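Colleague: I'm new to this one, could you walk me through it? Let's have it in front of us first.

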Amino acid sequence: VRKRVWVNGRIVAFALEFDRPWKAIVELPNSDPEAAPAYVAAFDLGEDRELKLKVSVCTTDADGARRNLLQDIPDWDIVRVRREAREAWNREFAKSVAEGSDEQRKNWYTALYHLYLQPNDWADADGRYRGPDWRIRRAEGGRFFTTLSMWDTFRAAQPWYTLLEPEVARGVVDSLLAVNLQQLNAEKQINGFDFDGAYNSLIDKWSTILDRVELAADTPDAYK
C-alpha cells in the first residue's frame, strides 16, 4: 500500500493470516485513491463459531511482513502471546519502583506504559527497513527506531531512556545518524557513535532553527 498521508509516498506492506480458509471473498467498490482495497470474506465457522486471525506490517515488502508474522506469532496460541506480552511489560515496569498511595502508583505505571509505547522499532525480523531515501537497508544491530517526536520527548523521555533503557537510547542515536546520512545521500557504516557526524548535523539543524527564531523576532507576523 502506498500512501501520501503524513509522509508522501509512504509504503506499508502487510501479511494477514486466518486460521481457516474463506468460502468466498468479494472486493468492495473503492472511489478513494488513497484507500487500500477493501474486501468482505465469508467463512464456515463450524460449531465453535470462532475465527482467529493474525496480522503484521512493515515498510519493506510483503515477504518482510510474512517473516515478521512467522517470527512474532508462529502459531495460534493466543494464551501464550498474551502471557508473553504481559511478562514483557512487567519486565519494563520492574526497572523502577514507585512508592506512595495506590492512586499515585497507578499514575506512575500508567505514565510508564505511555512512555514505552514509543519509540517504535520499525525494522523487520531480519533487520531490514525502508529509509527516508526509500531504499531498503539493513539496520546496524537489527533495530531501527522511529516515532521519536523529540520536540516533545527531549525534556524527560530521552533522559529516562538514557538512564534505564541505554540500548534504546543508543539505538535512537544510531537511527538518527543513519537518517541524516541517508538524507544527504551518503553511504557510511555506523559503528558506535559518529560524533563528528552528529555534531555537524546538530550545528546545521540548530543554525536553521536560530535563523527562523531571528526571522520571527524581526517579522512576528510571518509566523502567525
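Modeller: Gladly, and please keep in mind that this is a predicted model. A place to begin is the salt bridge in which the side chains of Glu92 and Lys95 meet, at 3.3 Å from N to O.

Colleague: Is Glu92 buried or exposed?

Modeller: Glu92 has a relative accessibility of 21%, and because buried means under 20%, Glu92 counts as partly exposed. Its partner Lys95, at 36% relative accessibility, counts as partly exposed as well.

Colleague: Why would such side chains pair up?

Modeller: In general, side chains of opposite charge can pair when their charged atoms come close.

Colleague: And how many salt bridges are there by this rule?

Modeller: The count comes to 13 salt bridges. Among them is the one between Asp19 and Arg20, where the closest N and O atoms are 3.6 Å apart, and Asp19 counts as partly exposed, with 30% relative accessibility.

Colleague: Which pair links distant parts of the chain?

Modeller: That would be Asp121 and Arg143, whose side chains meet in a salt bridge at 3.6 Å, N to O. Asp121 sits in strand 7 (residues 120–121), while Arg143 is in the loop between strand 9 (136–138) and strand 10 (145–146), so that the two are 22 residues apart. Asp121 has a relative accessible area of 33% and is partly exposed, and Arg143, with 39%, is partly exposed too.

Colleague: Which residues do salt bridges with shared partners join into one network?

Modeller: Asp61, Arg67, Asp124, Asp126 and Arg128 are joined in that way.

Colleague: Okay, switching to helices. How do helix 5 and helix 6 cross?

Modeller: The axes of helix 5 (residues 157–164) and helix 6 (residues 166–183) come within 5 Å, and they cross at roughly 125°. An angle between 115 and 145 degrees falls outside the parallel, antiparallel and perpendicular ranges, and the two helices are therefore oblique to each other.

Colleague: Which residues meet there?

Modeller: From helix 5 there are Gln158, Tyr161, Thr162, Leu163 and Leu164, and they meet Pro166, Val168, Ala169 and Val172 of helix 6. Sorted by class, this contact has seven nonpolar and two polar residues, and no charged ones.

Colleague: Now the strands. Which way do the side chains of strand 6 point?

Modeller: They alternate along strand 6, with Lys54, Ser56 and Cys58 pointing to one face, where they are buried, and Leu53, Val55 and Val57 pointing to the other, where they are not. As a general point, the side chains of a regular strand alternate between the two faces of the sheet.

Colleague: In what sense do strand 3 and strand 6 pair?

Modeller: Strand 3 (residues 13–18) and strand 6 pair in the antiparallel sense, over six bridges, and Ala15 stands opposite Ser56 of strand 6.

Colleague: Last topic, the backbone. Where is the peptide bond that is cis?

Modeller: The cis bond runs from Gln118 to Pro119, with omega near 0°, and Pro119 is found in the loop between helix 3 (102–115) and strand 7.

Colleague: And what is phi for Arg49?

Modeller: Arg49 has a positive phi of about 55°, although Arg49 is not a glycine. Arg49 belongs to the loop between strand 5 (39–42) and strand 6 (53–58), and with 62% relative accessibility it counts as exposed. Thr147 also has a positive phi, near 55°, and lies in the loop between strand 10 and helix 4 (150–153), where Thr147 is partly exposed, with a relative accessible area of 30%.

How values were computed. Residues are numbered from 1 along each chain as its sequence is written. This is a predicted model: local features need pLDDT of at least 70, side-chain atom pairs count only at pLDDT 80 or more; totals for chains, interfaces and linings use all residues. Side-chain values use heavy atoms; hydrogens and water are left out. Axes are lines fitted to C-alpha atoms, for helices over the stretch in contact, and angles run from 0 to 180 degrees between N-to-C directions. Helices (H or I, at least four residues) and strands (E, at least two) are DSSP runs, numbered from the N terminus. Angles under 35 degrees count as roughly parallel, over 145 as roughly antiparallel, 65 to 115 as roughly perpendicular and the rest as oblique. Contact means heavy atoms within 4.5 Å. Ala, Val, Leu, Ile, Met, Phe, Trp, Tyr, Cys and Pro count as nonpolar, Asp, Glu, Lys and Arg as charged, and the others, Gly among them, as polar. A salt bridge is a side-chain nitrogen of Lys or Arg within 4 Å of a carboxyl oxygen of Asp or Glu. Buried means under 20% relative accessible area, exposed over 50%, partly exposed in between (1.4 Å probe, protein chains only). Two strands pair if DSSP finds at least two bridges between them.
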